[in-house]
Amino acid sequence: MNYSQLHGLGRPDAAALRSGSAVFALAQKSKFNFIRAIVTAGVLALVGAARANDLPVLNSGHTDVGVNFEDGAWDLHVHAEEADLEFEPEHVVLEVAGHAVQKVSSDPRFDFLGAAGSPIWVLPAMEQHDLLFLGLGTEELAPGLFSKDTVTLTLKSVTGPGHFMLYHLDPLGNPVVSMNSRDGIDASDARSLTAGSHTHVHWAFSTPGQYRIGLQASGVLAATGETNTSDVAEYLFEVQYAPALSVTRKDTTTLAIEWLSREHHEYHLQSTTDLSSGEWVAHPGVDPVAGTGQFITLDVSLENRPRFFRLEIIEKDSQPMNAPIP
Amino acid sequence: MNKTVFFILVSAGLALAGAPRLRAQCYTFTHEHVDLLSVQFHAVSNSLSLMASDDDHGGAFYASNQCVVVCPESMKFALPAGTPMGNEGDPLWILPQNPYAGVPYVGVSAEPIAPGTFDDPLTIQLTRIEGPGHFLVWQTTGFGSFDLKMDTRDGIGSNDKLTPFVGAHEHHNWGFTTSGVYRVYFQASGRRPGQTTNIVSPETPFTFHILPLKPFEHWTATNWPCECDLTLIAPGADPDGDAGVNAIEYALGTDPKMAAGDAWPTVSLVTANGQAYGAMSYTRNKAATDCGYEVVAASSLFSTDWQTLTTVHETIHLGDTERITMRDTVPVGGGVQRFFRLRVRLAPPQPNTP
């Protein structure tokens, strides 16, 4: 598991790390506008490097959104399994890396994720070493406490630049959607969980940026038959942007160059015939492309080989950034 | 259709004393979250093993011959078109990758192994299967695609494997093409950093009961809930050493773990139409509905022409069993010798769906 740290401004009284040997107070947050630090460190290094105004970031390894009820009170938290660390929901950032982006399938069963071909960032239910493996855990919930040993996790709010969807796939590949903010948020945006267990789900976001996902746990107490509901806990996600640049051979004479564009950016395809000493020039016949937030594909003729390509990305009122094409 | 035929000779009345085997502790997983294939590393002996870890009960460990996983009939699916698990409409019993109420949630775990102890990933190889159908393991991923990890329909090869990360765990769908008892054999292996050879676990069988069980499977599972040793539980095995193999004990309703001869078929003389006939009496287990019974008679023990007796002389109902007497076709007298024997035919498991 790797942590990096996130700097921000916010409540000064919050302790982010609740378990483990280290006792330190950190983790203030800003309402929005997290600023990412460059530091990437292991757990011990994180503890050692902890300082005010840092929020730890989880970006890999098995981690659960944990739901517990003890001594008459709900406890919604984040549990990093491998390091066995627990965090308050608002005091840790759950990272959705840029390479988690995919294109929404044209399979109509996945319409709930958005239009076919549009970008969707997914933390998947199957572990990938380079992505956070985020599950739902109720291991600490004592059996018998709740009727039918079942509690419900309900989506209450999504604050962020896009939509949030929580779903899983059944054994035959059908999506089972538990939460979807695209069609509004109501009581149907809920996932039931069995006490003493855990499960893995897909966490999907439609747009890069920072999100606060408000979740609320509830259950019918077996002893009283009354429904008990937690406060809303806000979980912090940072969905990152990456150009996701790819080159594929479309046919014998055409290359398809594709990337994920951003709004307020302009893209210039450049090429050269000599990588070591050649001069990069605007590729003949290809006009600059305005970013849309969607995937953009340019078909490029393969004449005059060898030829190398790069994409110049111009941000409004900003210096150009060059991303070489592999 | 091939049938396995078991004979019992009426003269084989002498029972060998066989000590009944103690039943090992056996836990039946019916709804729990169980990491069935949990890879264990034993540093002292530098060895790997596979055990079941019951996540619902504090990670209690069970040896593979101490537990059984039950898949209820409610998890029988008809496959839709376009899956790699079979043709549209084919039945498949599935232990799913997501929790379902009342269904075991079966995982694979390398969590007990500390990161850095082994190179990533470990391998859990499918090595063998005993059961009436085929076995498949897959995950549904992405936009409804299928990642097929194990599939016995094309045989078992080195590609029938899982590759869990060290320290991690994962969930899959476990599919069975027909109901019945399956024993699936796995072997874990891994390489320690800097080494050039793998550490390989013993081949370890895990038992699945895919419901409904056929009557003989149910009888076997009742008598040996967790046992995988075919020298004890196969239809032709005789673990109590009383000369009655399991199929015979099943057919006659006797205890396969207790040597006993008093329930074997007997021969007597009966009278019908003023004449005396030889007859064979046997006890039938009424629950053994997948069993065929046939009393045959011949004039020589070495005859190649055993005649099937079809005349039921008497049936006595005895609760779970009944005592049936079959009468010979040849009256006694005239110095004729007659030999009788009982044939028991166990219906084979249903063939796999082609």
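Start where the two domains of chain B meet: in this predicted model, 14 residues of domain 1 of chain B are in contact with 14 residues of domain 2 of chain B. Colour the domain 1 side of that boundary by residue type, and you will find 8 nonpolar, 4 polar and 2 charged residues touching domain 2 of chain B.

To see both domains of chain B whole, select 1-22 + 229-354 for domain 1 and 27-226 for domain 2, as the domain assignment has them. Their centres, taken over C-alpha atoms, are 39 Å apart.

Next, pick residues 105-109 of chain B, which form strand S9. Is this strand enclosed or open? S9(B) is largely enclosed by the rest of the structure, because 5 of its 5 residues are buried. Show the side chains and look along the strand: Tyr105(B), Gly107(B) and Ser109(B) point one way, while Val106(B) and Val108(B) point the other way.

Now add the neighbours of S9(B). Select residues 33-42 of chain B, strand S3, which pairs with S9(B) in the parallel sense over 5 bridges. Here Asp35(B) stands opposite Gly107(B). Then select residues 169-171 of chain B, strand S14, which pairs with S9(B) in the antiparallel sense over 3 bridges. In S14(B), look for His171(B), the bridge partner of Gly107(B).

Finally, move over to chain A and switch to a cartoon view: there are 27 strands and 1 helix to find. Chain A has 326 residues, of which 39% count as buried. Among its contacts with a separation of 6 or more, 68% join residues 24 or more positions apart.

Note on methods. Residues are numbered from 1 along each chain as its sequence is written. Chains are lettered from A and ligands numbered from 1 in the order in which they are written. This is a predicted model: local features need pLDDT of at least 70, side-chain atom pairs count only at pLDDT 80 or more; totals for chains, interfaces and linings use all residues. Helices (H or I, at least four residues) and strands (E, at least two) are DSSP runs, numbered from the N terminus. A residue is buried if 20 or more other C-beta atoms lie within 10 Å of its own, exposed if 12 or fewer, and partly exposed in between; C-beta atoms are placed from the backbone. Two residues are in contact if their C-beta atoms, placed from the backbone, lie within 7 Å. Domain bounds come from an automatic or database domain assignment. Ala, Val, Leu, Ile, Met, Phe, Trp, Tyr, Cys and Pro count as nonpolar, Asp, Glu, Lys and Arg as charged, and the others, Gly among them, as polar. Two strands pair if DSSP finds at least two bridges between them.
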